[in-house]
Amino acid sequence: MTTADSLSRGRWADALLTALAPMIWGSTYIVTTQVLPPDRPFSAALIRVLPSGLLLLVYARRWPVRREWGRLLVLSALNIGAFQALLFVAAYRLPGGLAAVVGAIQPLLVMALAWGVEHRRPLSSTVWAAVAGVVGMAVLLLSPGTVFEPIGILAALAGAASMATGTYLTRRWRPQMPVLALTGWQLWLGGLMLAPLAIWFDPPLPSLTLWQALGYLYLSMAGALLAYALWFRGIARLAPVAVSSLGLLSPLTAVVLGWVLLDQAIRGLAFVGLAMVFASILAVQWTASPR
């Protein structure tokens, strides 16, 4: 096997591992609406990120140096604090698929940042592949009976912009911390940012049932600790637009879970949209990766 073949296989292995993160995040919507106590978006976000961040900090035992604090705070706000708050606001107000489809614009936002900040024009094939993914998600999810809730839509859009900016800056700044330490600090600092919102705006948590406690445990251990560790690992190894395109797997997972567990039918053109999304993800991975 040549060196080029080895590198190509390594990139695809990295992409597959990174893809697990948005697939886990895609289950957030069904867990939020079917398991968690209602109308507590900031509490859900806080419980998701703060405990997992503390666990990773205890394990990693890596303290940031002075010059790392400023950028670490910015990344924590974008990737965790703002994104998680907006994610759960959208999850509580919109159907899972619709909440996630708005976030499908992330690859285009990352390319726009690279073009605007670095004057690095993306390949036209990558742009069209990303656009095809957005169109595919729209075909898959949007129907004449879809109900648009303005606050939920705005939250989903703002969350996509926050995550896209955080993904781009994480790659651009290339923090020198190990992945687990970087993940732990961002989760913990983002959790501290969420705490005032949970205290001021959410009602107190009721006595939790076993299923509700397990739901929070799943969101924290799988949805934060594992998923973000894989996500930041992928950002360090793949092109930002390639990582962002994998985010399309989040709404795709939300749709499939709704289909399997909630009997939400997929008919007609929806299957065309499904195929377009898969093709878009593969095309972006291929065109965005260095040969």
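In this predicted model, Arg61 is exposed, because its relative accessibility is 75% and residues over 50% are counted as exposed. Arg61 belongs to the loop between α3 and α4, the latter spanning residues 69-93. The residue is not a glycine, yet its phi is positive, at about 50°. This backbone angle occurs just after the end of α3. A comparable description applies to Asp39, which has a positive phi of about 60° and is likewise not a glycine. Asp39 is placed in the loop between α2 (28-34) and α3. With a relative accessibility of 57%, Asp39 is also classed as exposed.

Helix α3 itself covers residues 41-60, a run of 20 residues. The distance from the first C-alpha of α3 to the last is 29 Å, close to the 28 Å expected at 1.5 Å a residue. Several residues of this helix are buried, among them Pro41, Phe42, Ser43 and Ala44 at the start of the numbering. The buried residues of α3 also include Arg48, Val49, Ser52, Gly53, Leu56 and Leu57. Arg48 takes part in a contact with helix α10, where Ser220 is located. The side chain of Ser220 comes to 3.2 Å from the backbone oxygen of Arg48. Ser220 is counted as buried because its relative accessibility is 4%.

Charged side chains were examined next. Side chains of opposite charge can pair when their charged atoms come close. Three salt bridges are present in the structure. In one of them, Asp14 meets Arg233 with an N to O distance of 3.1 Å. This pair links distant parts of the chain, since Asp14 is in helix α1 and Arg233 is in helix α10, 219 residues apart. Asp14 is buried, with a relative accessible area of 11%, whereas Arg233 is partly exposed at 22%. Asp14 also forms a salt bridge with Arg237, here with an N to O distance of 3.8 Å. Arg237 lies in helix α10 and Asp14 in helix α1, so this pair ties together parts that are 223 residues apart in sequence. The relative accessibility of Arg237 is 47%, and the residue is therefore partly exposed.

Another salt bridge joins Glu68 and Arg62, whose closest N and O atoms are 3.3 Å apart. Glu68 is buried at 13% relative accessibility, while Arg62 is partly exposed at 25%. Through shared partners, Asp14, Arg233 and Arg237 are joined by salt bridges into one network.

Aromatic side chains form a further group of contacts. A pair of aromatic rings is described by the distance of the centres and the angle of the planes. The structure contains eight aromatic pairs. One of them consists of Trp25 and Tyr228, whose ring centres are 5.0 Å apart and whose planes make an angle of 55°, a tilted arrangement. Trp25 is in helix α1 (residues 3-26) and Tyr228 in helix α10 (residues 210-237), so the pair ties together parts that are 203 residues apart in sequence. Both residues fall in the buried class: Trp25 has a relative accessibility of 7%, and Tyr228 has one of 0%.

A second pair to be described is that of Trp185 and Trp188, with ring centres 5.8 Å apart and planes at 80°; the pair is therefore edge-to-face. Planes over 60 degrees apart are given this label. Both tryptophans lie in helix α9 (residues 179-201), three residues apart, which is about one turn of the helix. Trp185 is buried at 3% relative accessibility, but Trp188 is partly exposed at 24%. Trp25 and Tyr228 also belong, together with Trp231 and Phe232, to one aromatic cluster.

On the surface, a nonpolar patch of about 540 Å² is made by Val256, Trp259, Val260, Leu261, Leu262 and Phe271. Helix α12 (residues 249-261) gives the most to this patch, contributing four residues. Val260 is found in helix α12. The relative accessibility of Val260 is 53%, so this residue counts as exposed.

Notes:
Residues numbered from 1 in each chain as written. Predicted model: local features only at pLDDT ≥ 70, side-chain atom pairs only at ≥ 80, totals over all residues. Heavy atoms only, no water. Phe/Tyr/Trp six-rings, centres within 6.5 Å; stacked < 30°, edge-to-face > 60°. Helix = DSSP H or I, 4+ residues; strand = E, 2+ residues; numbered from the N terminus. Buried < 20%, exposed > 50% of the residue type's maximum accessible area, 1.4 Å probe, protein only. Expected span 1.5 Å × (residues − 1). Patch = residues over 30% accessible without salt bridge, like charges linked within 9 Å, V, L, I, M, F, W, Y side chains within 5 Å. Areas by Shrake-Rupley, 256 points an atom, 1.4 Å probe, with all protein chains shown as cover. Salt bridge = Lys/Arg side-chain N within 4 Å of Asp/Glu carboxyl O. Polar contact = N/O pair within 3.5 Å; in protein donor to acceptor, adjacent residues only side chain to side chain.
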